[in-house]
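Colleague: I am new to this structure and would like a close look at a single part of it. Please take one residue and the helix that holds it, and describe the surroundings.

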Amino acid sequence: MGNGIAHVCARAGCEVVLYDLEQGFLDRGLATIEKNLAREVAKNKLTQQQADEARGRITPTVDREALARCGVAIEAATERFAVKAEIFRELDRILPGDAILATNTSSISITKLATQTKRPEQVIGMHFFNPVPVMQLVEVIRGLQTSQATFDAVHALSKQLGKTPVEVNDAAGFVSNRVLMPLINEAVYAVMEGVATAEAVDQVFVLGMAHPMGPLTLADFIGLDVCVDIMRVLADGLGSPKYNPCPLLVRMVDAGWLGRKSGRGFYRYPLQ
Ligand code: 3HC
């Protein structure tokens, strides 16, 4: 989701330092940003000049120290506590003392991540939705120690990005994934138990409930590995076996069927 977040920040006039571990990841992210800016130009949402200016505001780097000039960091790494904890310790070391450290986590505790830093009052959740340039929502999540000034700044930043911030409390999965992931998980159970095919499950939601995509198409879009990771965070954080990931979902991830990004999930996709 990092490329989508960089896209909306640059489009809104912010200077963006886009950091990733490897040049190849950056090249892929930039190619996606350029493709999506071109799509917005084609739909007359942006002029070519605005798209070029937005692209020009993004500086890619594999050097963490380049983040030293940032006033806000928005981390969007893998949904594992250990990975994010290491990044937060580094952000705390590198960024100026008054900078805000935000995480695009989809389920991990903000309060717990904040303990990895010496500035827990400046740590906050800023949860975007895919495709980031299109979806209106940002869930803004306060940790126990998040200050009002940090909350107000991130609320205002979300609006500057053209999004609608919604405040939620720091509980596993927040609101979005607490409700969405059990729906997806239950849809996988319906397939595993032979209640219906994946296509039929999706049709029920598209035609019967006017969802833009059925839950299994959406799972492929999000990534089945991400869905399993989030279910595990829910199971750990909420302490109920009802949040255990469906065995079929786990088996598909074990097989490398991660959804759209791997070419196969509940459906097959051409790899670009
Ligand atoms: N960048 C910029 N614009 C994009 C885009 C992108 N990546 N993808 C689509 N668009 C634009 C299109 O240009 C089009 O614009 P228009 O309305 O002005 O013509 C509009 O979005 C709709 O796109 P399409 O016509 O190509 O396709 P669809 O009508 O099928 O819509 C969709 C695609 C927006 C993805 C729609 O299917 C949808 O809303 N799906 C549900 C998405 C969803 O639920 N996301 C949340 C996932 S959960 C999450 O992210 C949280 C995490 O923690 C797991």
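Modeller: What follows starts with one residue, N177, and then turns to its helix, α7. Please keep in mind that this is a predicted model.

N177 lies in helix α7, which covers residues 176-192. The relative accessible area of N177 is 5%, and because buried means under 20%, N177 counts as buried. Setting aside neighbours within four places in sequence, the contacts of N177 are S106, H127, P182, I230 and L234. For one of these, S106, there is an interatomic distance to report: the side chain of N177 comes to 2.9 Å from the backbone oxygen of S106. I230 is another of the contacts. Along the chain I230 and N177 are 53 residues apart, yet 7.5 Å separates their C-alpha atoms.

Now to the helix itself and a helix packed against it. Two packed helices are described by two values, the angle between their axes and the distance between the axes. For α7 and α8, the latter being residues 198-209, the angle is about 140° and the axes are 9 Å apart. Angles over 145 degrees would count as roughly antiparallel and those from 65 to 115 as roughly perpendicular, so α7 is oblique to α8. The crossing of α7 past α8 is right-handed. On the α7 side, L183, A187, A190 and V191 make the contact, and on the α8 side A198, V201 and F205. By class, seven residues of this contact between α7 and α8 are nonpolar, with no polar and no charged ones.

Notes: Residues are numbered from 1 along each chain as its sequence is written. This is a predicted model: local features need pLDDT of at least 70, side-chain atom pairs count only at pLDDT 80 or more; totals for chains, interfaces and linings use all residues. Side-chain values use heavy atoms; hydrogens and water are left out. Helices (H or I, at least four residues) and strands (E, at least two) are DSSP runs, numbered from the N terminus. Buried means under 20% relative accessible area, exposed over 50%, partly exposed in between (1.4 Å probe, protein chains only). Contact means heavy atoms within 4.5 Å. A polar contact is a pair of N or O atoms within 3.5 Å; within protein, one must be able to donate a hydrogen and the other to accept it, and residues adjacent in sequence count only if both atoms are side-chain atoms. Axes are lines fitted to C-alpha atoms, for helices over the stretch in contact, and angles run from 0 to 180 degrees between N-to-C directions. Angles under 35 degrees count as roughly parallel, over 145 as roughly antiparallel, 65 to 115 as roughly perpendicular and the rest as oblique. A crossing is left-handed if the near helix is turned anticlockwise from the far one by less than a right angle, and right-handed if clockwise. Ala, Val, Leu, Ile, Met, Phe, Trp, Tyr, Cys and Pro count as nonpolar, Asp, Glu, Lys and Arg as charged, and the others, Gly among them, as polar.
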